[in-house]
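User: I should like to understand how the terms used for a protein model are justified. Please take me through the reasoning, term by term.

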Amino acid sequence: MPTCQRAVFGITGRSGSGKTTLIEAVLPLLRAQGLRVNVIKHSHHVLALEPPGKDSARVRAAGASEVMVASPYHYAIVHTLHDTPEPTLAELLARMSPADITLVEGFRRESIPRIEVHRPALGKPPMYPDDDSILAVATDAPLALDRPCLFLDQPQGVADFICQILEHDLQPA
C-alpha cells in the first residue's frame, strides 16, 4: 500500500444497492472530523468524461495516451489504456494525492476492509457470507448477522464504524 494513502476502506454491494449514495452521506461526516478523503470508484462501463467534439475528446480520439483538462476549479486526467491491462487498486492509489482515508467502491477482489450495502427488498443475494473482508453490513432492514449491522439512514454510525476500524491508520505518524 503506498504511504501517501494512510487508510483504505471499501464500500461494496450489488448494483443498485446504494453504494455511491452511502459514500455521499458518509464523506462529509468524515471531512467534518478533519480528515482528507479520496474516493476511487470502479466502473464496468466505458467512461464518457467529456462531451464528444470538445477539444480534449478530439485529441484523445486522435490517439493521446493521456489528456489532462485543467481549470481554476479542478482538473481531470483521462488515461486511455490502449490494450494495456486495467491498473490495480495499488497503482491507482499511487496516482492519487495524499489522503487520510481513501474510500473504494468496487474492486471486490482486493483484500481491504469493507462494508457491504445490502437491501433485502432488491431480492439480490448478499455477498458477506462468502467474503471475509466484509466487516459489517449497511442495510435498510434489520438483519440477524454474524457481524455488525449498520443502518443506511444513520450515516454517522457508518462513519464511526469506518473510523473505529481504521483507528490505528488514522493516528498521527
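User: Which residues line the largest cavity?

Analyst: In this predicted model, the lining of the largest cavity consists of R14, S17, V117, H118, R119, L122 and K124. The volume of this cavity is about 40 Å³, and the structure holds one cavity of 30 Å³ or more.

User: What makes this space a cavity and not a pocket?

Analyst: The deciding point is whether the probe can leave. In a cavity a 1.4 Å probe fits but cannot get out, whereas a pocket is an open set of points. Rolling a probe the size of a water molecule over the atoms shows where empty space is left.

User: How do the residues of the lining of the largest cavity divide by character?

Analyst: Two are nonpolar, two are polar and three are charged. Asp, Glu, Lys and Arg count as charged, so R14, R119 and K124 fall in that class.

User: What is known of the second largest pocket?

Analyst: The second largest pocket has a volume of about 540 Å³. It is lined by 21 residues, and those closest to its centre are H42, H44, G106, F107 and R108. Strand β1 (8-13) and helix α1 (19-32) each give at least two residues to this lining. The largest share, three residues, is supplied by β1. By character, the lining has two nonpolar, twelve polar and seven charged residues.

User: Why is the pair of E105 and K41 called a salt bridge?

Analyst: The closest N and O atoms of E105 and K41 are 2.7 Å apart. A salt bridge requires a side-chain nitrogen of Lys or Arg within 4 Å of a carboxyl oxygen of Asp or Glu, so this pair qualifies. The pair links distant parts of the chain, with E105 in strand β5 (residues 101-105) and K41 in strand β2 (residues 37-41), 64 residues apart. Side chains of opposite charge can pair when their charged atoms come close.

User: Is E105 buried or exposed, and how do you know?

Analyst: The relative accessible area of E105 is 5%. Buried means under 20%, and therefore E105 is buried.

User: How many salt bridges does the structure hold, and what makes D55 and R58 one of these pairs?

Analyst: The structure holds five salt bridges. For D55 and R58 the distance from N to O is 3.3 Å, which is within 4 Å, so the term applies. Both residues lie in helix α2 (residues 55-61), three residues apart, or about one turn of the helix.

User: Why are D55 and R58 called exposed?

Analyst: Exposed means over 50% relative accessible area. D55 has 56% and R58 has 53%, so both residues are exposed.

User: What terms apply to D146 and R147, buried or exposed?

Analyst: D146 has a relative accessibility of 62%, which is over 50%, so D146 is exposed. R147 has a relative accessible area of 16%, which is under 20%, so R147 is buried. Their side chains meet in a salt bridge, at 2.8 Å from N to O.

User: Why is R60 described as partly exposed?

Analyst: R60, found in helix α2, has a relative accessibility of 26%. Partly exposed covers what lies between buried, under 20%, and exposed, over 50%, so R60 belongs there.

User: What makes T88 partly exposed, and where is T88 found?

Analyst: T88 is found in the loop between β4 and α3 (89-95). Its relative accessibility is 38%, neither under 20% nor over 50%, so T88 counts as partly exposed. T88 and E110 are 22 residues apart in sequence, and their C-alpha atoms are 9.0 Å apart in space.

User: Which residues make the nonpolar surface patch of about 330 Å², and why can I77 belong to a patch?

Analyst: The patch is made by M68, Y75 and I77. A patch residue needs over 30% relative accessible area, and I77 has 36%, so I77 meets this cut-off. I77 is found in strand β4 (residues 75-79).

User: How many helices and strands does the protein have, and what percentage of its residues is buried?

Analyst: The protein has four helices and eight strands. Of its 173 residues, 35% are buried.

Methods:
Residues are numbered from 1 along each chain as its sequence is written. This is a predicted model: local features need pLDDT of at least 70, side-chain atom pairs count only at pLDDT 80 or more; totals for chains, interfaces and linings use all residues. Side-chain values use heavy atoms; hydrogens and water are left out. Patches are made of residues with over 30% relative accessible area and no salt bridge: like charges are joined within 9 Å, nonpolar side chains (Val, Leu, Ile, Met, Phe, Trp, Tyr) within 5 Å. Accessible areas come from the Shrake-Rupley method with a 1.4 Å probe; for residues, only the protein chains shown count as cover. Buried means under 20% relative accessible area, exposed over 50%, partly exposed in between (1.4 Å probe, protein chains only). On a 1 Å grid over the protein atoms alone, a cavity is a set of points where a 1.4 Å probe fits but cannot get out, and a pocket is an open set with protein on both sides within 12 Å along at least five of seven lines; lining residues have an atom within 4 Å of a point. Grid points are joined across faces, edges and corners, and a volume is the space filled by probe spheres set on the points.
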